[in-house]
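Student: I would like to learn how to read a protein model. Could you walk me through one, feature by feature?
Tutor: Gladly! Let us look at it together.

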Amino acid sequence: MTFMKKTISSMLLTAIFLSLLASASCGGGNVDTPVTSGADTTSGETTAEEKVGYDDDIPADLNFGGETINVFSRAHFRFNDEVTVDEANGDVVNDAIYDREIAVEDRLGVKIENFKDNPEAGHGSIDKMQKMILAGDDTYDIFTASMYHVAPAAANGIFTNLFDVEYIDTTKPYYTQDYIAKSQMGGNLYAITGDISLSLLRYSFAMYFNKTLVDSYGLEDPYALVRDGKWTHDKLTSMVTDIYSDLNGDGKQDDEDLYGLGTSNVIIVDAYCSAYKMNMMDVGDDGFPYFSIDLDKFSSAVDKIFDLNWQTNGVHAYKEISDNNEMTDLCNYFSQDHLVFIHNWLYASETSYLRDMKSDYGIIPYPKYDENQDGYYTFQHDQIGLFTIPVTSTKKDMAGAVLEAMSSESSKTVVPSYYEVALKSKYSRDSESAEMIDIIHNGHMLDPAWIYCSYIGDLAQAPRNLMLKEKRDFMSFYDSNKSKYQKNLDKLIKDFKSLEETN
């Protein structure tokens, strides 16, 4: 039985993506070679069409005979296309998501019903889902929401250990191996992310620069600085420090003026934790996280951020009103040639502000802490989507097959559509930005302190909170709170260990 909603809108996707790089897969820096077919390995020539992405190992004859799989996902406008879209509309990313649903339904003999909840917030309705599960409600078979809420909620015993689910192979490169390694608690894994989660790419942090203004101020080429390993915090500070113009003539620095750097003191500060390798936690041999913070490095990094945001004339930190509005404000003023550099998500390139921007712009990674740092690293917003299977689901094997098939299909169509066609071709302005996007993508770095930050406490957000209060003394902050963090971590580990004992 098949469930074809319409004729698949993009049957020729594979042909479009013949030359895609292996880095198109969100494999946490994996360099596995994409699946190919028809390659003559003796001559080095391709004798048949090359396939993009990665195959799964689901049995070819697996068919669930028309069963419905119910998915609970986010309706917020930034995430409402993560699982399904209503129809094909000609947009390459939208249609790849649409086609993915059809392909998985047709292949497995299932009907995917996706309930989207909570359009006013990006967090997803974790409270609603938790109440349903604890009450024994088995309506939903797959649940997806933000890492911020999902990862720690697993300690309440509401999600299935994915290592025990049929058809899910967590070693596959379409799953983010860095997340799997950093989020495991003991021998269990309760959520996954990877190619199935478009937010993993969209909400990677980056920087943008206005090419016209860079030339006007005679600044060094940001692309060359990145390539030469000289794009550092100090270099950024030196380039923007004297760039300011009172455009509206009101005699005061405000949002309407021109600055060398537009930034904020909220989530943009969070991204330095990865960019400057401000590690807070690692995972021990027992599979549980422990604090490993380098206090001197962390304190020094906070000092650098403070000096940039609060003591550099050419820097303006836009204020958040709600729902990360400062990110939109940055795009708006950047598009009007008011800002030479901005911090933002890769998602910013999808906004009308940057799509319609008259001046050309470039995309680069966050700078390094200093030239001794071994590379450029990328922070992923804690709103990236995690996928789980509620313990109440009566269709766990089917849910596992759907997640696996969706992940594999995403690596072949959705990720290439977004990463190679949309992000690197449609949204970026030059081939050099595409090169930089590879660096950004390959530098993804997660920390258990961020994965479980809503449980452990505000350690991960300490740089942000200090900036908001115009303070820089991280050592005092940490000394005042470290016992709380350790107590919370001990409780988190205890809760996960109790799950191991009862399962």
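Student: Which helix holds both K424 and E420, and how many residues apart are they?
Tutor: A word of context before I reply: this is a predicted model. K424 and E420 both belong to helix α15 (residues 396-427), four residues apart, so about one helical turn separates them.

Student: What do the side chains of K424 and E420 form?
Tutor: Let me start with the general idea. Side chains of opposite charge can pair when their charged atoms come close. Here the K424 and E420 side chains meet in a salt bridge, with 3.4 Å from N to O.

Student: Is K424 buried or exposed?
Tutor: K424 has 11% relative accessibility and counts as buried. Its partner E420 is buried too, with a relative accessible area of 12%. The cut-off for buried is under 20%.

Student: Which residue forms a salt bridge with K482?
Tutor: That is D479, and the closest N and O atoms of the pair are 3.9 Å apart. K482 and D479 lie three residues apart in helix α20 (residues 474-502), so about one helical turn separates them. As for accessibility, K482 counts as partly exposed at 42%, and D479 counts as partly exposed at 47%.

Student: Where in the chain do the partners R107 and D56 lie?
Tutor: This pair links distant parts of the chain, 51 residues apart. R107 is in helix α2 (residues 92-108), while D56 is in the loop between β2 (45-46) and β3 (67-74). Their side chains meet in a salt bridge of 2.6 Å, N to O. R107 is partly exposed, with a relative accessible area of 35%, whereas D56 is buried at 11%.

Student: How many salt bridges does the count come to?
Tutor: The count comes to 26 salt bridges. Salt bridges can also be linked in a network, as they are for D81, R202 and E350.

Student: Let us turn to strands. In what order do the four strands of the open sheet lie?
Tutor: To read a sheet, follow the strands from one edge to the other. Here the order is β4-β3-β5-β14, and the pairing is mixed. β4 (110-117) and β14 (385-388) stand at the edges with a single partner strand each, so one side of each has no neighbour in the sheet. On average, neighbouring strands of this sheet are turned by 20° against each other, direction ignored.

Student: How many bridges join β3 to β4?
Tutor: Eight bridges join them, and the two strands run parallel. To see one pairing, find S73, whose bridge partner in β4 is K116. Helix α15 packs on the sheet, where α15 touches β3, β4, β5 (142-146) and β14. The direction of α15 makes about 65° with that of β3.

Student: Now for the inside. Which residues have the most contacts inside the largest nonpolar core?
Tutor: They are F159, W231, M280, F341, F474 and F496, in a core of 128 residues. Helix α20 gives the largest share of this core, nine residues.

Student: What is F474 in contact with, leaving aside its neighbours within four places in sequence?
Tutor: Its contacts include I293, L295, F298, V302 and L459. S299, A462 and L466 are also in contact with F474. Apart from this largest core lies another core, of 30 residues, with I168, A399, V402 and A405 among them.

Notes:
Residues numbered from 1 in each chain as written. Predicted model: local features only at pLDDT ≥ 70, side-chain atom pairs only at ≥ 80, totals over all residues. Heavy atoms only, no water. Salt bridge = Lys/Arg side-chain N within 4 Å of Asp/Glu carboxyl O. Buried < 20%, exposed > 50% of the residue type's maximum accessible area, 1.4 Å probe, protein only. Pairing = 2+ DSSP bridges. Axes fitted to C-alpha atoms, helices over the stretch in contact; angles between N-to-C directions. Contact = heavy atoms within 4.5 Å. Core = buried A, V, L, I, M, F, W, Y, C linked by side-chain atoms within 4.5 Å.
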